[in-house]
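Biologist: For this model, I should like a close examination of a single part, the strand pairing, with the surroundings brought in only afterwards. Please proceed from the register of the strands outwards.

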Amino acid sequence: MFTIPELTALAETVGGPHHHFRAVQFPVSLIHLAVVADELDGRGALAEARETGLDVFTSAPLGGGELLGAMTEELVRSIDAAASPAQAALLVALSAPGVSQVLLSASTPAHWADARGAAAREPLSPDRLRKVIDVLGT
């Protein structure tokens with residue numbers, strides 16, 4: 001609906017040079033890979049947010065839980081062979097360049113443990129992210 005430059009201009013128009021516009025939130029996941037692909041190409045919302053100095057909070061890293069049913073062994077291996085399906089899916093959002101924080105919820109202590117396990121892993125390299133995007137498309 002809006003680009004980062006449009007939002008920044010609006011914040012400056014309404015709040016002046018000392019506005020409090022500091023962060024944006026949007027989905028980043030295996031379902032929403034276009035924003036990651038754009039960043040890897042140096043364009044799009046993540047790149048614009050980075051250039052503007054905004055924090056980026058991502059939402060829906062597991063697609064509301066629906067993504068886990070689509071995590072095949074082959075897909076998990078292509079992301080991180082040592083990860084659980086949830087960790088592999090979360091690792092994509094956690095590794096997206098320009099992402100400051102990943103917002104998620106969990107319904108059990110085991111889900112939180114899986115999330116902590118994903119956060120403890122090394123982020124995926126841009127090359128690995130590109131391979132995942134090439135396999136899944138945007």
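Modeller: Two strands are taken to pair if DSSP finds at least two bridges between them. The model is a predicted one, and what follows is to be read accordingly.

Under that criterion, 3 strands form an open sheet, in the order β1-β2-β3, with parallel pairing. β1 and β3 are the edge strands, since each of them pairs on one side only. As a general point, the strands of a sheet are paired through backbone hydrogen bonds, in either a parallel or an antiparallel arrangement. Here β1 and β2 (residues 55-59) are joined in the parallel sense over 5 bridges. β2 also pairs with β3 (residues 101-102), again in the parallel sense, over 2 bridges.

The register can be followed residue by residue. Across from Val 24 stands Val 56 of β2, and across from Pro 27 stands Ser 59 of β2. Towards the other neighbour, Phe 57 has Gln 101 of β3 as its bridge partner.

Ser 59 merits attention in its own right. This residue belongs to strand β2. Is Ser 59 buried or exposed? Buried means a relative accessibility under 20%. Ser 59 has 17% and therefore counts as buried. Leaving aside residues up to four places away in sequence, Ser 59 touches Gln 25, Phe 26, Pro 27, Val 28 and Leu 103. The contact with Pro 27 thus accompanies the opposite placement of Pro 27 and Ser 59.

From β1 the description leads to the second largest pocket, with a volume of about 150 Å³. Val 24 and Phe 26 are among its lining residues, together with Met 1, Phe 2, Thr 3, Ile 4, Leu 7, Gly 44, Ala 45 and Glu 48. The elements giving two or more residues to this lining are α1 (4-15), β1 (23-27) and α3 (44-52). The most comes from α3, with 3 residues. By class, the lining comprises 7 nonpolar, 2 polar and 1 charged residues. Val 24 hence has a place in this lining as well as a partner in β2, namely Val 56.

The largest pocket, of about 270 Å³, has a lining of 17 residues, and Leu 62, Gly 65, Leu 104, Ser 105 and Ala 106 lie nearest its centre. α5 (85-95) and α6 (109-120) are the elements that each contribute two or more residues to this lining. The largest share, 3 residues, is that of α6. The lining divides into 10 nonpolar, 6 polar and 1 charged residues.

α5 also connects this account to helix α4, as α5 and α7 (126-136) are included in what covers the buried residues of α4. In α4 (residues 73-80), the buried residues are Leu 75, Val 76, Ile 79 and Asp 80. Viewed down the helix axis, these fall within an arc of 100°, so they line one face of α4. In general, an α-helix has 3.6 residues a turn, so residues three or four places apart point the same way. The face of α4 turned away from the buried side bears Glu 73 and Glu 74, which are exposed.

Terms used:
Residues are numbered from 1 along each chain as its sequence is written. This is a predicted model: local features need pLDDT of at least 70, side-chain atom pairs count only at pLDDT 80 or more; totals for chains, interfaces and linings use all residues. Side-chain values use heavy atoms; hydrogens and water are left out. On a 1 Å grid over the protein atoms alone, a cavity is a set of points where a 1.4 Å probe fits but cannot get out, and a pocket is an open set with protein on both sides within 12 Å along at least five of seven lines; lining residues have an atom within 4 Å of a point. Grid points are joined across faces, edges and corners, and a volume is the space filled by probe spheres set on the points. Helices (H or I, at least four residues) and strands (E, at least two) are DSSP runs, numbered from the N terminus. Ala, Val, Leu, Ile, Met, Phe, Trp, Tyr, Cys and Pro count as nonpolar, Asp, Glu, Lys and Arg as charged, and the others, Gly among them, as polar. Buried means under 20% relative accessible area, exposed over 50%, partly exposed in between (1.4 Å probe, protein chains only). Contact means heavy atoms within 4.5 Å. The arc is that of the directions from the helix axis to the C-beta atoms.
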